[in-house]
Amino acid sequence: MPLAGRRIVLGVSGGIAAYKAAYLARRLQDAGADVRVVMTDASTEFLGEATMAAITGHPVLRDLHSHPESVSPHTDLARWADLIIIAPATAATMARLAHGISSDALGATVLASHAPVLLAPAMHTEMWEQPATLRAVELLKADGVTLVGPVEGHLAGGDEGMGRMVEPEAILEAAASLLAGALSGLRVLVTAGGTREPIDPVRYIGNRSSGKMGHAIADSALRLGASVTLVTTSEIPTLPGVERVVVETAAEMEKAVSEIEIDVAVMAAAVADFRPAQAAGTKLARTDGPPEVVLEANPDILAGVAGRPQRPFLVGFAAETGGIERAVEKARTKGVDLLVANDVSEQGSGFSVDTNRVTIVWPDGSVDPWPQMTKQEVADRLMELIVAEFGRRGASSD
Ligand code: PMT
């Protein structure tokens, strides 16, 4: 059972559904989870702190400044948690979380944590349908937060409609599936961005890769429960749980990759094949005339990973212009399990844009063209494919 032995922070905010949080805490414990509770002030109008302390056997965190066990209780809990569940999550709590407002113990704990967050919204229909709430939902989802519910049913004050919190059993199921991500326990490496090879301290040989494709893959792998290391040249954001190693050159990328143990590697970086053999120590002057830049080969990082004694499941990318014939050759010769080819000369595909149209190429030469999608959709579908193929490879090597 994925909940056994897992550390869960249960956040309770101020709505009538708060009374169900007591039963939820009990059910989580029955499933083997270790539960700590954080309550907002408003929630204590509906549910006693003493009830939650008695059920869990631990003091409730409500006031950051008068917790009996710690001087920094929110960061302690944030680091301790494998999962944060907020049930009920009111409109006010969701609005605060969407904007990173940490003015109470619950907001501060969520903001300080890298654990996945599961919200069970509960509010009146009108509040759920307000543009402000819908905006908060979008922001939270984009940050990787998972929502379960709400559903239609009885609401406070005798009303009926959409906005009722799902039952504790549904929250339990959602929590279990979040903690049992298809890649949980696996180490995933993603490379991203374009390397920069210095000519002098100011200029470099580079390419147009923004890192968007690789960063989307890192987020997707994290959502599936993997422990993700992203070796990247890009500063664009990822989900907070992704461990990021920022590099600039191919040599730095190779060194960072060589130090990481991997079960699955997805190499989306655009690595410069050549670098200036000698980078000038000072800025080259125009008055000295055009410099002669002698190039030498960079290490093939993907080949290094493919040659490891414990070869991980290996996915390469291929940036091509005008057809994928060369990608088919790379899939056959580079020791990958599959290759993702994209034609970077096509509109809406390749470098820097938010969409991509890729073709999956297998080492035996068979191909599977996918339609144009957002890079996040490509990443999610690719990770699904990797999960299926990785599972098959594991099964056949038993
Ligand atoms: O970053 P974005 O703006 O979102 O753009 C995404 C992308 C177009 C960069 C991405 O989708 C992509 O195609 N990445 C691979 C680009 C590339 O360098 O392809 P390649 O055919 O040159 O290399 C083949 C494979 O070998 C790649 O997995 C590459 O990471 C790897 N490689 C290449 C050279 C080298 N010295 N070491 C390597 O590891």
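**Helix crossings, ligand shell and backbone**

Biologist: How does H4 pass H7, in a left-handed or a right-handed crossing?
Modeller: In this predicted model, the crossing of H4 past H7 is left-handed.

Biologist: At what angle do the axes of H4 and H7 cross?
Modeller: Helix H4 (residues 91–98) and helix H7 (residues 131–142) cross at roughly 50°, and their axes come within 9 Å. The two helices are therefore oblique to each other, since that class takes in angles from 35 up to 65 degrees.

Biologist: And what about H1 and H8, how do they pack?
Modeller: The axes of helix H1 (residues 19–30) and helix H8 (residues 168–179) are 9 Å apart, at an angle of about 45°. That makes H1 oblique to H8. The crossing of this pair is right-handed.

Biologist: Turning to the ligand, which residues come nearest?
Modeller: Ser210, Met267, Lys330, Asn342 and Ser352 come nearest, out of 28 residues around the ligand.

Biologist: What is the make-up of that shell by class?
Modeller: The shell around the ligand has 14 nonpolar residues, 8 polar ones and 6 charged ones.

Biologist: Which elements each supply at least two residues of the shell?
Modeller: Helix H9 (212–223), helix H11 (301–306) and strand S16 (313–320) each do so. S16 gives the most, with 4 residues.

Biologist: Where does the backbone approach oxygen atoms of the ligand?
Modeller: A polar backbone atom of Gly211 is 2.7 Å from a ligand oxygen. For Ala269, a backbone N or O atom also lies 2.7 Å from an oxygen atom of the ligand. For Ala319, the corresponding distance is 3.3 Å.

Biologist: How much of the ligand does the protein bury?
Modeller: The protein buries 95% of the 780 Å² that the ligand exposes when taken alone.

Biologist: Ser352 was named among the nearest residues. Where does Ser352 lie, and what is its phi?
Modeller: Ser352 lies in the loop between strand S17 (338–343) and strand S18 (355–356). Its phi is near 70°, a positive value in a residue other than glycine. Most residues other than glycine have a negative phi.

Biologist: Next, the peptide bonds. Which residues does a cis peptide bond join?
Modeller: One cis bond joins Ala87 and Pro88, with omega about -5°. Another joins Gly149 and Pro150, with omega about 10°. Most peptide bonds are trans.

Biologist: Where are Pro88 and Pro150 found?
Modeller: Pro88 is in strand S3 (residues 83–89), whereas Pro150 lies in the loop between strand S5 (146–147) and strand S6 (151–154).

Note on methods:
Residues are numbered from 1 along each chain as its sequence is written. This is a predicted model: local features need pLDDT of at least 70, side-chain atom pairs count only at pLDDT 80 or more; totals for chains, interfaces and linings use all residues. Side-chain values use heavy atoms; hydrogens and water are left out. A residue is near a molecule or strand if one of its heavy atoms lies within 4 Å of it. A polar contact is a pair of N or O atoms within 3.5 Å; within protein, one must be able to donate a hydrogen and the other to accept it, and residues adjacent in sequence count only if both atoms are side-chain atoms. Accessible areas come from the Shrake-Rupley method with a 1.4 Å probe; for residues, only the protein chains shown count as cover. Ala, Val, Leu, Ile, Met, Phe, Trp, Tyr, Cys and Pro count as nonpolar, Asp, Glu, Lys and Arg as charged, and the others, Gly among them, as polar. Axes are lines fitted to C-alpha atoms, for helices over the stretch in contact, and angles run from 0 to 180 degrees between N-to-C directions. Angles under 35 degrees count as roughly parallel, over 145 as roughly antiparallel, 65 to 115 as roughly perpendicular and the rest as oblique. A crossing is left-handed if the near helix is turned anticlockwise from the far one by less than a right angle, and right-handed if clockwise.
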